[in-house]
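Work through the exercises below with the structure in view. Try each task before reading its solution.

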Amino acid sequence: MSRNLTADLAADLRTRIVDGDIQPGEKLPSENTLISEFGVSRTVVRAALTRLQAEGLVETERGRGSFALTPPREGTTAGTRPVASIEDRLHLLEFRMGVEAEAAALAARNHTDRQLKALQKALEDFTASVEHPAHAMKYDYEFHRAVASASGNPFYSDCLASLGQTMIAMPRTRLMTGVEHYARDHFDQVVHEHGSIYAAIAEGDGASAAAAMRSHIANSRRRLRAGRE
């Protein structure tokens, strides 16, 4: 009986997240609210949230509650393999490190003026999105897509397009840590890392661009690991 209740509650919350009724970075209703709304036990609520965590749709931070993550695109990511757990995201970051470091090196050599302006705009949009986690994830993704586009090799662009926005992990350090804000120091660090990538590409320094991208993704992996401890 409880397993059916768990499935029903998980399905309802999943629909809200996928349909955008609960936006990425937004806090889910509290346990007490869900207990009252669905007439279920605390055990059922926690089991449903655990199921959504396993699907990569929810991150729970002790003492603060549960937050929605960016839902995966319809189907799967990275070809045929779904990204549904923290381990999957860590593996994806390892994959991205090799692909995007080389894309950044090529972008430093091959970018056009128009592509450099697009990269600069993506950086500016991301920097300005500090108060909006959902917007931050969108512009984070757009920055990486702009780097791939500037590489001049369409296969890099196709690769990132197939991964989709869900390739941008949102560890708890990028979730809201209060009613309206999330960890500003980590956000500022990502802005700095993006800025270093942009500067190296603008200067035409392929080795530095690759190193900056590799460092950024390695730091993203470290932040994701720290977020689950």
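Three exercises follow, on a helix, on salt bridges and on nonpolar cores.

The model is predicted, so local features need pLDDT of at least 70 and side-chain atom pairs count only at pLDDT 80 or more, while totals for chains, interfaces and linings use all residues. Residues are numbered from 1 along each chain as its sequence is written, and side-chain values use heavy atoms, with hydrogens and water left out.

**Exercise 1.** Compare the span of helix 8 with the expected span.

Solution.
1. Helices are DSSP runs (H or I, at least four residues), numbered from the N terminus. Helix 8 covers residues 184-202, which is 19 residues.
2. The expected span of a helix is 1.5 Å times one less than its number of residues. For helix 8 this gives 27 Å.
3. The end C-alpha atoms of helix 8 are 26 Å apart, which agrees with the expected value.
4. Just after helix 8, Gly 204 has a positive phi of about 75°.

**Exercise 2.** Trace the salt bridges of Arg 16 and state whether Arg 16 is buried or exposed.

Solution.
1. A salt bridge is a side-chain nitrogen of Lys or Arg within 4 Å of a carboxyl oxygen of Asp or Glu. Arg 16 forms one with Asp 12, at 2.8 Å from N to O.
2. Asp 12 and Arg 16 lie about one helical turn apart, because they are four residues apart in helix 1.
3. Arg 16 also forms a salt bridge with Glu 37, at 2.7 Å from N to O. This pair links distant parts of the chain, with Arg 16 in helix 1 and Glu 37 in helix 2 (residues 31-38), 21 residues apart.
4. Asp 12, Arg 16 and Glu 37 are thus linked in a network of salt bridges.
5. Buried means under 20% relative accessible area, exposed over 50%, and partly exposed in between (1.4 Å probe, protein chains only). Arg 16 has 18%, so Arg 16 is buried. Glu 37, with 46%, is partly exposed.

**Exercise 3.** Which helices each supply at least two residues of the largest nonpolar core?

Solution.
1. A nonpolar core is a set of buried Ala, Val, Leu, Ile, Met, Phe, Trp, Tyr and Cys residues joined through side-chain atoms within 4.5 Å. The largest one has 23 residues, and Val 147 is among those with the most contacts inside it.
2. Helix 4, helix 5 (113-127), helix 6 (133-150), helix 8 and helix 9 (206-227) each supply at least two residues of this core.
3. The largest share of this core, six residues, comes from helix 4.
4. A second, separate core has 16 residues, including Ala 10 and Val 44.
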